[in-house]
Amino acid sequence: PALYLQYAKHDDFAGLFYVKEIWHVITADFGNYLVAALMCLVASIVASIIGSVALLIGNAWTSMWAYLVQAHLMAQVEPAAVLSEGVPSA
């Protein structure tokens, strides 16, 4: 999930290779990051189960929902990482 956050933050594929920033996001508030990562996993599992029950027609919609949930959760984790280094969030 931290990789999705970096890609969105930098709007560039190269953002996936900023290992120092990715590590900082993960370790700045590890408890919140862990909870968000587990909730992303749960959202993906729920989306796949509901999409399968809907005879694969709903799979596209539930996958989109899971990605939106993941984006929201990671966007909540990122400000904590920015504030922990003393830089005000934009």
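In what order do the elements of the protein chain run from the N terminus on? The answer is α-α-α-α, and the secondary structure comes to four helices and zero strands. Helices here are DSSP runs of H or I with at least four residues, strands are runs of E with at least two, and both are numbered from the N terminus. The model is a predicted one, so local features need pLDDT of at least 70 and side-chain atom pairs count only at pLDDT 80 or more, while totals for chains, interfaces and linings use all residues. Residues are numbered from 1 along each chain as its sequence is written, and side-chain values use heavy atoms, with hydrogens and water left out.

Some overall numbers help to set the scene. The protein chain has 90 residues, and buried ones make up 26% of them. Buried means under 20% relative accessible area, exposed means over 50%, and partly exposed is whatever falls in between, with a 1.4 Å probe and protein chains only. The chain exposes about 6100 Å², and carbon and sulfur atoms supply 72% of that. Accessible areas come from the Shrake-Rupley method with a 1.4 Å probe, and for residues only the protein chains shown count as cover. As for contacts (heavy atoms within 4.5 Å), take those with a separation of 6 or more: 48% of them join residues 24 or more positions apart.

Next comes the inside. The largest nonpolar core has 11 residues in all: Ala-2, Leu-5, Ile-22, Val-25, Ile-26, Tyr-33, Ala-36, Cys-40, Leu-73, Met-74 and Val-77. The elements that give two or more residues to this core are helix H1 (2-10), helix H2 (19-28), helix H3 (30-53) and H4. A nonpolar core, to be clear, is a set of buried Ala, Val, Leu, Ile, Met, Phe, Trp, Tyr and Cys residues joined through side-chain atoms within 4.5 Å. One of the core members, Ile-22, touches Ala-2, Leu-3, Gln-6, Gly-15 and Leu-16, if residues up to four places away in sequence are not counted.

Helices H3 and H4 can be followed residue by residue. Ala-47 has its place in helix H3 and counts as buried because its relative accessible area is 3%. Leaving out residues up to four places away in sequence, Ala-47 touches Asn-59, Thr-62, Ser-63, Trp-65 and Ala-66. Its C-alpha atom is separated by 9.6 Å from that of Tyr-67, which is 20 residues away along the chain. Thr-62, one of the residues that Ala-47 touches, lies in helix H4, which covers residues 59-84. Thr-62 is buried too, since its relative accessibility is 13%. With the same sequence neighbours left out, Thr-62 touches Ala-47, Ile-50 and Gly-51.

Farther along helix H4 sits Gln-70, a buried residue because its relative accessible area is 10%. Apart from neighbours within four places in sequence, Gln-70 is in contact with Tyr-4, Cys-40 and Ser-44. Val-69 also lies in helix H4, but at 22% relative accessibility Val-69 counts as partly exposed. Cys-40 turns up again here: Val-69 and Cys-40 are 29 residues apart in sequence, yet 7.0 Å apart in space, C-alpha to C-alpha.

What about the outside? Phe-30, Leu-34, Leu-38, Leu-41, Ile-45, Ile-49 and Val-53 make a nonpolar surface patch of about 670 Å². Patches are made of residues with over 30% relative accessible area and no salt bridge, where like charges are joined within 9 Å and nonpolar side chains (Val, Leu, Ile, Met, Phe, Trp, Tyr) within 5 Å. A salt bridge, in turn, is a side-chain nitrogen of Lys or Arg within 4 Å of a carboxyl oxygen of Asp or Glu.

Two patch residues deserve a mention. Leu-41 is found in helix H3 and is partly exposed, with a relative accessible area of 48%. The C-alpha atoms of Leu-41 and Ala-66, 25 residues apart along the chain, are separated by 9.0 Å. Ile-49 is likewise in helix H3 and partly exposed, with a relative accessible area of 49%. Between the C-alpha atoms of Ile-49 and Asn-59, 10 residues apart along the chain, the separation is 8.7 Å.

Finally, the aromatic rings. The structure holds one aromatic pair, formed edge-to-face by Phe-13 and Phe-17, with 5.5 Å centre to centre and 70° between the planes. Rings of Phe, Tyr and Trp (its six-membered ring) pair if their centres lie within 6.5 Å; planes under 30 degrees apart count as stacked, over 60 as edge-to-face and the rest as tilted. Both Phe-13 and Phe-17 are exposed.
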